[in-house]
Amino acid sequence: MNFLIGEYECKLDAKGRMVVPAALKRQLPDVEREGLVVNRGFDGNLVIYTRAEWNRILSQLARLNQFQAKNRDFVRKFTSGAMELMLDSAGRVLLPKPLLDYAQVGSDLVLVCNLSKVELWSKAKYDEKMNAISEEDFSDLAESVMGDFDLEGGFNV
């Protein structure tokens with residue numbers, strides 16, 4: 001599994017196209033051949049996956065018991081609106097208007113690498129989200145989330 005790094009401020013053109021930053025594109029060697037998948041995130045943002053990562057997630061979802069309503073509801077909600085993104089000859093992707101509307105993305109956006117996916121945020125919403133966590137709160141959050149984590153073996157129990 002490849003982990004992605006970086007945070008990139010980008011602009012959308014009038015047609016809803018965004019240039020994939022060169023530094024991010026270098027981390028996605030198969031992007032021109034396989035494309036990407038964009039979907040709704042859980043926090044009012046969008047999430048961009050490589051095709052391989054999206055297929056890995058769908059494989060996990062396919063193992064859920066489809067006889068349970070909560071599983072069907074989750075899979076339906078999670079996959080609804082997902083769209084394939086292909087780079088054009090100028091290295092741009094066309095972001096679907098319904099997804100841009102969902103995330104309230106205007107012309108200014110931020111791409112934030114988060115492990116094996118890329119979060120796409122309205123710049124204003126991202127700044128608000130990040131500013132809501134003070135340095136002290138972040139320290140407390142780190143202790144709460146990572147305090148029982150052994151870097152070599154995982155969580156200590």
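Helices and strands are taken here as DSSP runs, of at least four residues for a helix and at least two for a strand.

**Figure 1. The annotated spans in the predicted model.** An unreviewed UniProt entry places the feature "domain: SpoVT-AbrB" at residues 7–53 and 82–125. Residues 7–53 are 26% helix and 38% strand, with end C-alpha atoms that lie 19 Å apart. For residues 82–125 the figures are 20% helix and 43% strand, and the end C-alpha atoms are 21 Å apart.

**Figure 2. Helix α3, residues 51–62.** The end C-alpha atoms of this 12-residue helix are 16 Å apart, which agrees with the 16 Å expected at 1.5 Å a residue. Its buried residues are E53, W54, I57 and L61. These residues cover an arc of only 100° around the axis and therefore lie on the same side of α3. They pack against β3 (36–40), β4 (46–50) and α4 (69–79). On the face turned away from the buried side, α3 carries the exposed residues A52 and A62.

**Figure 3. Q104 in the loop between α5 and β7.** The loop that holds Q104 runs between α5 (97–102) and β7 (108–114). Although Q104 is not a glycine, its phi is positive, at about 55°. Q104 counts as exposed because its relative accessibility is 56%, and exposed means over 50%.

**Figure 4. L115 in the loop between β7 and β8.** L115 is located in the loop that separates β7 from β8 (117–122). A positive phi of about 60° is found at L115, which is not a glycine. With 53% relative accessibility, L115 counts as exposed.

Definitions and conventions:
Residues are numbered from 1 along each chain as its sequence is written. This is a predicted model: local features need pLDDT of at least 70, side-chain atom pairs count only at pLDDT 80 or more; totals for chains, interfaces and linings use all residues. Side-chain values use heavy atoms; hydrogens and water are left out. Buried means under 20% relative accessible area, exposed over 50%, partly exposed in between (1.4 Å probe, protein chains only). UniProt positions are given in the numbering used here, feature names are shortened, and annotations may be inferred rather than shown by experiment. The expected span of a helix is 1.5 Å times one less than its number of residues. The arc is that of the directions from the helix axis to the C-beta atoms. Contact means heavy atoms within 4.5 Å.
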